[in-house]
Amino acid sequence: MHSAHFDGSFAGWREAARTLLCHGLAPHQVNWRGDGDSGGLFDQAPSPVNTQPAAEPPRIPRQLLELLQSAACFRVEDRWSLLYRVLWRVAQGDRAAMLPGDIDGSQLHKRLKAVRREAHHLHAFVRFHPRPETVEGPQLVAWHEPAHDILHSASEHFAERLGRSTWLIATPDDGIYWDGRHLHYQRPCPDEWQRLAQTPEDDGQALWLAYYGSTFNPARLNRSALENSLPVRFWKNLPEGPLIPQLMSQARAGAQRDGQATAVAQQAGKSIRYNVAKKPPISGNADPAPHH
Amino acid sequence: MQLIEKLTVLADAAKYDASCASSGAPTRSSKGKSGIGSTSGMGICHSFTPDGRCVALLKILLTNFCLYDCQYCVNRRSSDVPRARFTPEEVVTLTIDFYKRNCISGLFLSSGIIRSADYTMEQLIRVAKLLREEHEFRGYIHLKTIPDADPLLIAEAGRYADRLSVNIELPTEASLIRLAPEKQLRTIKQAMHSIHLGESEARVEVRAPRFAPAGQSTQMIIGADATDDSTILHTAASLYDNYRLRRVYYSAFSPIPQSPNTVPFEAPPLLREHRLYQADFLMRGYGFEASELLSGPGNLALDIDPKLAWALNNREHFPVDLNRAEPAMIARVPGIGVLSAKRLVALRRQRRIRFEDLTRLRCALEKAKPFIVTQDYRPLQASRESLLLRQQLSEAPAQMALW
């Protein structure tokens, strides 16, 4: 068994994998150590392997490298062995290894799907808090807890979305800051960034909470559909998170009889007097009725 | 009235419209520019409410004052609901604030009919124009189109909006006459035609101004009248054909406060709505005709999905050999979707398909088993009667509502 040491990055793994591939080392002969440990690439390798003339590096489809790079964002105890196994098999000419129906390919695609989904979760569930205009630093800050290492590759989206506004997203592991022109990525996340993101001075959430409560239709209460689409692990960082259990229990306690939001039902209503016989308001400027 | 009170009333008034899609827009970016907003074609659901429905857009009415008296609508003039009206500037402020917080991807604006159809449409356009021109907003905008509005106003709306929609409301003209006396099928279809025309012109002429690049959609209310699923699906199919609609939304009729006795006061038929969406998806994505899914009058089965129902009624096409069949036929097998069908075809170029491959592709095996042949598998149930299979595959009747 050979321990392959590298810095834990995909670029580092790719270099190491290329060398191992040229030396003809099969997946079961390699133990991946992506912990930045300073041991050499072949620290336990017996000499015959080291002295073998390196073959021409095999041609690897660009598409496979993209798949592997993306799958490397998936957090799992041993994230590199599967990637090398797929790489090895494709290099041997067995391209089924890349396909979702294959025994290794299905694992690879499961990781790819989870990574794509987590990037989508970032785009969907990050909540920015505006900061007072008088303070220094980013205008918008957000705290997010992704399940995979997607922050770096998936954050460009917010630069396109928010134009010249400056923003910061901090996570327990890494952080990213857009200064209006460039992205600055930091791993580990600086303490200052984490502090900014976790203690926003934001008193403007009431409108969003009012909207969320009102757009919910209690007559259609469906907890499992909610939890499938909005996993419970995200609730604690969403401003609307604490509202969810409240709205559900209100619905069960009688609000489910019709679709109206409780806050609206409590207000006095107003029907509109209108003389239909006079003229039906169809096209043109039928009847000026300033009802407001 | 405070802004937050208006928002509470006008979001409640707008939620019976099912559509909240923010997909289909062209790619736009604000990177390095003034203004904000981007679109990428793919929609984003920023939140979900406890009814399991997605929140992608700020979905509100400009006002819920309304001169019409549509019986199924909470905002009908005879309804005793609180009324409110936003100024265009208030809608803009809310949209930009929610957008910066990353709570939404854009705005879906509709309105009660005030003064006249044209006046109402002008108000909606004014909001979109303010957002696009004054605030350089590049996010998604969906505008509801008022059926009787001047076609020139519809053309103007199409320049600012990504999507336009006119609601067909009810699946038949008879129901529309009975329940929505001020609405007319003729003018609803005219508005759909104007939008379709605008889309076609923008597509054909290179220099034509852009026009609703995410197309048009519509909504049908399910269960407010007695129309059967067969009529509903055939109506939807003809709308897809005639006006190239991107989507028909089916909205299970939700009981409304102080319900008039012309419409039911009972739990919304959610399972029926779900089956209609499945059937609609089979028409849009799988090449099924409405007449294949329901050949005569009647409703879709509630205990099995429409693809399984079709397969059980058409046993002569099965079992399908996954190593030989056309991709379109593989996608017609219950439990195997279009994506899995594509993946099976890619895999069989490398080697023969075996039964365990289906497990890895996460196909619904219990449903698929009676209908497929692989290199190592032939169904024992191939000759079993459809009635028995149906009993075996039927989903336990689920009680969807509490009352």
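**Exercise 1. Find the loop that holds B:Arg362, then work out its backbone and its burial.**

Start with the place: B:Arg362 sits in the loop between helix H13 (355-360) and helix H14 (365-368) of chain B. Helices here are DSSP runs (H or I, at least four residues), strands likewise (E, at least two), numbered from the N terminus. Keep in mind that this is a predicted model, where local features need pLDDT of at least 70, side-chain atom pairs count only at pLDDT 80 or more, and totals for chains, interfaces and linings use all residues. Residues are numbered from 1 along each chain as its sequence is written, while chains are lettered from A and ligands numbered from 1 in the order in which they are written.

Next, the backbone: B:Arg362 isn't a glycine, yet its phi is positive, about 60°. Finally, burial: B:Arg362 has 12 other C-beta atoms within 10 Å, so it is exposed. The cut-offs are 20 or more other C-beta atoms within 10 Å of a residue's own for buried, 12 or fewer for exposed, and partly exposed in between, with C-beta atoms placed from the backbone.

**Exercise 2. Do the same for B:Arg244.**

First, look in the loop between helix H7 (229-243) and strand E8 (247-252) of chain B. Then check phi: B:Arg244 has a positive value of about 50° without being a glycine. Last, count neighbours: B:Arg244 has 14 other C-beta atoms within 10 Å, so it is partly exposed.

**Exercise 3. Locate a cis peptide bond in chain A and one in chain B.**

In chain A, go to the bond from A:Arg187 to A:Pro188, which is cis with omega near 0°. A:Pro188 lies in the loop between strand E7 (183-186) and helix H8 (191-198) of chain A. Over in chain B, B:Phe318 and B:Pro319 are joined by a cis bond, with omega about 0°. B:Pro319 belongs to the loop between helix H10 (306-313) and strand E9 (320-321) of chain B.

**Exercise 4. Decide how compact chain B is.**

Begin with the elements: chain B has 15 helices and 10 strands. Now the size: its radius of gyration is 23 Å, close to the 22 Å that the globule rule gives for 403 residues, so chain B is as compact as a globular protein of that length. The radius is taken over C-alpha atoms, and the rule is 2.2 Å times the number of residues to the power 0.38. To finish, 54% of the 403 residues of chain B count as buried.
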